[in-house]
Amino acid sequence: MLLLLLCFAGAARFRRWRREAAAAEATADATAEPQQHRHHHAVIAPALVTELEAIVGAEHVSVEAEELQAHGEPQHSYHRCGRWPGAVVAPATTEEVSQIVRACAARGVAVVPYGGATSIEGQLLTVHGGVSIDFRRMNKVLRLSEADFDVTVQPGIGYLELNEYLKPKGLWFPLDPGPGASIGGMASCRCSGSTAVRYGTMRENVINLTVVMADGSIVKTQPRTKKSAAGYDLTRLMIGAEGTLGVITEATLKIYNIPAHKAAMRCTFTTVQDATKAVQEVMRRGIQIGRAELMDDVMIGILNTANETDYLPHATVLFEITGENPAELEASMEAVTGIVNAVGPTSLRSTTDAKESEHIWRERKEALWHCFAAYPEKTAFITDVIAPVSRLADLISVCKPELDASPLPAPICAHAGDGNFHTVIMIDPGNEAELHEAERLSAFMVARAHEMDGSCTGEHGIGTGKIKYLEREQGESGIRVMRSIKEALDPQGILNPGKILRPGPTLFSDKESSPPSGCL
Ligand SMILES: Cc1cc2nc3c(=O)[nH]c(=O)nc-3n(C[C@H](O)[C@H](O)[C@H](O)COP(=O)(O)OP(=O)(O)OC[C@H]3O[C@@H](n4cnc5c(N)ncnc54)[C@H](O)[C@@H]3O)c2cc1C
């Protein structure tokens with residue numbers, strides 16, 4: 001008994017010490033904060049930590065340095081801002097999230113929602129310290145309607161876990177961003193992945209959301225109907241907002257039957273232009289494909305090095321072809337084969353074997369890990385741009401020579417059926433010159449995409465990394481509308497500050513400067 005009491009006393013003393021240390025760190029940060037950002041800065045007062053503990057239970061609030069660092073320096077993004085949150089809190093219900101946001105709002109403390117931490121553009125950086133809301137405990141399926149083909153989930157569930165739940169029922173949720181991504185993060189980044197060519201992005205696949213607003217109030221964005229013409233579209237307003245307009249606590253998603261008959265096709269071409277030409281023709285003919293992914297010769301070379309495979313190091317297109325029945329599948333496979341042969345492949349292999357197909361798609365999904373395996377001492381500067389599908393070949397044609405001429409490895413992967421391509425530029429994390437070269441390449445790609453009526457990002461979002469490109473894309477009037485929305489819904493600027501929009505009046509007066517508070 002005495003031992004138990006000593007343990008409790010020790011734990012309480014440790015918690016008090018951590019709270020004081022966190023408060024001291026936050027106060028020190030506040031003094032160091034540049035004047036123009038001061039009003040956004042969050043100080044984690046011990047009283048706030050106590051209040052958070054009362055809301056969710058002390059065991060679900062952390063001020064441990066290791067946990068703060070993990071939440072302030074997410075591993076998949078090369079962006080860093082040199083600041084961690086003051087506390088990490090893991091709620092279990094919408095009501096708890098509402099109380100957390102209310103408590104933070106009362107003190108003007110920043111709130112950064114945290115899902116699977118696979119975002120790439122610095123979306124999770126705690127630029128102004130504050131409280132990181134980790135959704136790991138809100139990972140339940142709340143209801144399923146097989147008749148309506150929809151499912152309601154908490155935001156912390158991963159798409160992989162959701163599919164484990166759906167698979168025995170013959171159903172699936174097809175979107176597939178980074179392994180580990182959560183539904184809340186996916187909705188907030190308006191993500192997509194390899195299946196968007198068939199099923200669309202999060203924008204098309206979320207029916208409604210429950211959202212905690214900046215004042216703690218709870219809003220359900222629309223009823224559970226397939227469509228609605230009732231007023232402003234609050235669902236779509238939240239999708240892609242990166243946690244800057246509200247905190248998602250429930251999502252109702254469209255789900256689908258798992259396609260009964262599938263085939264995978266691996267086709268290689270002499271040039272990346274030929275590869276894109278084949279994809280465009282397949283799309284133009286309206287053949288039912290599930291995926292159309294492209295990897296350039298550099299990416300295939302990296303894959304070979306990392307996995308000791310011996311794929312032809314040529315531009316490669318991976319098609320997934322689907323059909324309601326074997327005859328339909330065969331007809332589609334024949335049509336795609338005809339198109340590919342007309343363009344002139346250097347190799348073509350198709351398979352209906354489920355294991356082989358799964359291997360093909362896993363290899364593609366793990367492109368980033370292949371890059372790390374091939375360059376173990378480097379980190380990845382990942383960037384994506386998108387053009388109208390008909391301009392993808394032009395976009396890649398102007399960007400690839402620039403990427404190939406760079407001293408840095410810069411392989412291309414594309415969701416070719418959407419007009420979206422990525423490059424994974426491998427840099428030495430401590431090397432300023434390499435970072436600048438990667439930024440130059442990224443700026444080049446964005447500029448060419450903009451010239452072709454494209455966008456600075458098809459799916460990775462803005463975060464801190466692409467604020468300046470969003471400004472160019474939207475122009476002053478577009479940014480003013482976005483800023484009005486932000487100010488109306490979050491007048492104190494506590495929701496994930498420093499993402500999508502620059503804080504304060506620096507907008508347009510300092511177009512080329514880095515994002516706020518020392519973030520890359
Ligand atoms: C290997 C790899 C492959 C990838 N492939 C793709 C791809 O093919 N397509 C694609 O689109 N993306 C891809 N991504 C990027 C990434 O997976 C997506 O951006 C994904 O949507 C992020 O989800 P997450 O749960 O990890 O979000 P997080 O990184 O946790 O958060 C992202 C943003 O969402 C906000 N957020 C999180 N939860 C909530 C919530 N409940 N309420 C409000 N805001 C919230 C956060 O504050 C942050 O701003 C890839 C990443 C990796 C590492």
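Me: Is G129 buried or exposed, and at what relative accessibility?

Reply: A residue counts as buried when its relative accessible area is under 20%. In this predicted model, G129 has 5% relative accessibility, so this glycine counts as buried. G129 is found in the loop between β3 and β4, the latter spanning residues 131-134.

Me: How far is the C-alpha atom of G129 from that of P497?

Reply: Separation along the chain and separation in space are two readings to be taken side by side. G129 and P497 are 368 residues apart along the chain, while their C-alpha atoms are separated by 9.6 Å. A second pair can be read in this way: E366 and L303 stand 63 residues apart along the chain, and 9.5 Å separates their C-alpha atoms.

Me: Where is E366, and how should I read its accessibility?

Reply: Between the buried class, under 20%, and the exposed class, over 50%, lies the partly exposed class. E366 has 25% relative accessibility and therefore counts as partly exposed. Its place is in the loop between α13, residues 354-365, and α14.

Me: Which residues come nearest to the ligand?

Reply: One can begin with the residues around the ligand and then ask which elements they belong to. There are 38 residues around the ligand, and those that come nearest are P113, G115, T118, S119 and S182. At least two residues of this shell are supplied by each of β3 (111-114), α6 (183-189), β10 (247-254) and α14 (367-374). Among the elements, α6 gives the most to the shell, with 5 residues.

Me: How many residues of the shell around the ligand are nonpolar, polar and charged?

Reply: The shell can also be sorted by residue class, which gives 16 nonpolar, 18 polar and 4 charged residues around the ligand.

Me: Which side chains have an N or O atom 3.3 Å from an oxygen atom of the ligand?

Reply: A pair of N or O atoms is read as a polar contact when the two lie within 3.5 Å. An N or O atom in the side chain of K365 is 3.3 Å from a ligand oxygen atom, and the side chain of H415 likewise has an N or O atom 3.3 Å from an oxygen atom of the ligand. For E242 the partner is a backbone N or O atom, which lies 3.0 Å from an oxygen atom of the ligand. The ligand taken alone exposes 980 Å², and the protein buries 97% of that. As for its place in the model, the ligand sits in the largest cavity.

Me: What is the sign of phi in E242, and where is this residue found?

Reply: When reading a backbone angle, one looks at its sign together with the residue type. Phi of E242 is near 55 degrees, a positive value in a residue other than glycine. E242 is found in the loop between α9 (234-238) and β10, and it counts as buried because its relative accessibility is 5%.

D453 also has a positive phi, of about 65 degrees, although it is not a glycine. D453 lies in the loop between α16 (432-451) and α17 (467-489), and its relative accessible area of 67% means that D453 is exposed.

Me: Which backbone oxygen does the side chain of T423 reach?

Reply: A contact within the protein can be read by naming the side chain first and then its partner. The side chain of T423 reaches the backbone oxygen of P411 at 2.9 Å. T423 lies in strand β18, residues 420-427, and at 0% relative accessibility T423 counts as buried.

Conventions: Residues are numbered from 1 along each chain as its sequence is written. This is a predicted model: local features need pLDDT of at least 70, side-chain atom pairs count only at pLDDT 80 or more; totals for chains, interfaces and linings use all residues. Side-chain values use heavy atoms; hydrogens and water are left out. A residue is near a molecule or strand if one of its heavy atoms lies within 4 Å of it. A polar contact is a pair of N or O atoms within 3.5 Å; within protein, one must be able to donate a hydrogen and the other to accept it, and residues adjacent in sequence count only if both atoms are side-chain atoms. Accessible areas come from the Shrake-Rupley method with a 1.4 Å probe; for residues, only the protein chains shown count as cover. On a 1 Å grid over the protein atoms alone, a cavity is a set of points where a 1.4 Å probe fits but cannot get out, and a pocket is an open set with protein on both sides within 12 Å along at least five of seven lines; lining residues have an atom within 4 Å of a point. A molecule sits in a cavity or pocket if more than half of its atoms lie within 2 Å of its grid points. Helices (H or I, at least four residues) and strands (E, at least two) are DSSP runs, numbered from the N terminus. Ala, Val, Leu, Ile, Met, Phe, Trp, Tyr, Cys and Pro count as nonpolar, Asp, Glu, Lys and Arg as charged, and the others, Gly among them, as polar. Buried means under 20% relative accessible area, exposed over 50%, partly exposed in between (1.4 Å probe, protein chains only).
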